[in-house]
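Work through the exercises below with the sequence and the coordinates open. Try each task before reading its solution.

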Amino acid sequence: RSGPLRLEIGFGNGSFMTNQAEKHPDANYIGVDISWSSVSRLLKRLHKYRLANGRAAEVPGKLALERLFAQSSLDEVIINHPDPWAKEKHFNRVIVQPEFVRLLASRLRPGGRVTIATDHVKYANWIASVLENQQDLRSCFDTTFVHSLPGRTPTKYEKKFLDAGQPIYYFVWEKAEDCRLD
């Protein structure tokens, strides 16, 4: 199928990706998650709503980027509320690491975007540091992150945190036109 190619890493219950696929029938959506039950739920949602523009795979996000997508092939990557691995000894497991961002940037087409959402302030600070210290992506805003994205459909977790009055940190960054490809 021709059309923009959008990847959601860690799609949880699949409602966000289903909503996006329904709103944008011209785009192609692929969701990857490490949980088979999440993949199964998303596949059922796509079938229920007869959405032919969505696919799902049980595969870690980094491995999917390494093996399933060519350089400059993705129009957008979405990472909603990744696990913050809050314990210090587990922090090396967070997905947003410098080497991951380099890989992600290599898979985005020039002008392609990555959107990351988190409610976890410590993880938001980590993501900000990683993004500010690389050269392949640049913020789509005058700031590193924003606390609202008008028109965005919130995920289940976003609704819960917003209802509780907690801030959400949205990072929307795009691949620089003159970005290097390693």
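The exercises concern a predicted model, and each solution goes step by step.

**Exercise 1. Overall architecture**

Task: State how many helices and strands the protein chain has, and give their order from the N terminus on. Then decide how its radius of gyration compares with the globule rule.

Solution.
- Step 1. The protein chain contains 6 helices and 7 strands.
- Step 2. Read from the N terminus on, the elements follow the order β-α-β-α-β-α-β-α-β-α-β-α-β.
- Step 3. The radius of gyration is 16 Å, close to the 16 Å that the globule rule gives for 182 residues, so the protein chain is as compact as a globular protein of that length.
- Step 4. Along the principal axes, the C-alpha atoms fill a box of roughly 40 × 40 × 35 Å.
- Step 5. Burial completes the overview: 48% of the 182 residues count as buried.

**Exercise 2. Salt bridges between strands**

Task: Find how many salt bridges the whole structure holds. Then examine the pairs R6 with E76 and D75 with R109, and place each residue in its element.

Solution.
- Step 1. Searching the whole structure gives 5 salt bridges.
- Step 2. One of them joins the side chains of R6 and E76, with an N to O distance of 3.5 Å. This pair links distant parts of the chain: R6 belongs to strand β1 (residues 5-9) and E76 to strand β4, 70 residues apart.
- Step 3. The accessibility class of this pair is buried for both R6 and E76.
- Step 4. D75 makes a salt bridge with R109, and their closest N and O atoms are 2.4 Å apart. Because D75 lies in strand β4 and R109 in strand β5 (residues 108-118), the pair ties together parts that are 34 residues apart in sequence.
- Step 5. R109 has a relative accessible area of 32%, so R109 is classed as partly exposed.

**Exercise 3. A salt bridge within a helix**

Task: Give the N to O distance for K62 and E66, and explain why about one helical turn separates them.

Solution.
- Step 1. The side chains of K62 and E66 form a salt bridge at 3.9 Å, N to O.
- Step 2. K62 and E66 are separated by about one helical turn because they are 4 residues apart in helix α3 (residues 61-68).
- Step 3. Partly exposed means between 20% and 50% relative accessible area. K62, at 37%, therefore counts as partly exposed, and so does E66, at 36%.

**Exercise 4. A positive patch**

Task: Which residues form the positive surface patch, and which helices each supply at least two of its residues?

Solution.
- Step 1. The patch is made up of R41, K44, K156 and K160.
- Step 2. Helices α2 (36-48) and α6 (156-163) each contribute at least two residues to the positive patch.
- Step 3. R41 has its place in helix α2.
- Step 4. A patch residue must have over 30% relative accessible area. The value for R41 is 39%, which makes R41 partly exposed.

**Exercise 5. Positive phi outside glycine**

Task: Compare R50 and H81, two residues with positive phi. Where does each lie, and is each buried or exposed?

Solution.
- Step 1. R50 has a phi near 55°, a positive value in a residue other than glycine. H81 is not a glycine either, and its phi is about 50°.
- Step 2. R50 sits in the loop between α2 and β3 (54-58). H81 sits in the loop between β4 (74-80) and α4 (98-107).
- Step 3. With a relative accessible area of 74%, R50 is exposed. H81, at 15% relative accessibility, counts as buried.

**Exercise 6. Sequence separation and distance in space**

Task: For the pairs P25 with L51 and V121 with Q166, set the separation along the chain beside the C-alpha distance.

Solution.
- Step 1. P25 and L51 are 26 residues apart along the chain, and 8.0 Å separates their C-alpha atoms.
- Step 2. P25 occupies the loop between α1 (15-23) and β2 (28-33). Its relative accessible area is 52%, so P25 is exposed.
- Step 3. V121 and Q166 lie 45 residues apart in sequence, with 9.9 Å from C-alpha to C-alpha.
- Step 4. V121 belongs to helix α5 (residues 121-132). At 47% relative accessibility, V121 is partly exposed.

Technical notes:
Residues are numbered from 1 along each chain as its sequence is written. This is a predicted model: local features need pLDDT of at least 70, side-chain atom pairs count only at pLDDT 80 or more; totals for chains, interfaces and linings use all residues. Side-chain values use heavy atoms; hydrogens and water are left out. Patches are made of residues with over 30% relative accessible area and no salt bridge: like charges are joined within 9 Å, nonpolar side chains (Val, Leu, Ile, Met, Phe, Trp, Tyr) within 5 Å. Accessible areas come from the Shrake-Rupley method with a 1.4 Å probe; for residues, only the protein chains shown count as cover. A salt bridge is a side-chain nitrogen of Lys or Arg within 4 Å of a carboxyl oxygen of Asp or Glu. Lys and Arg count as positive and Asp and Glu as negative; His and the chain ends are not counted. The place of a charge is taken as NZ of Lys, CZ of Arg, CG of Asp or CD of Glu. Buried means under 20% relative accessible area, exposed over 50%, partly exposed in between (1.4 Å probe, protein chains only). The radius of gyration is taken over C-alpha atoms; the globule rule is 2.2 Å times the number of residues to the power 0.38.
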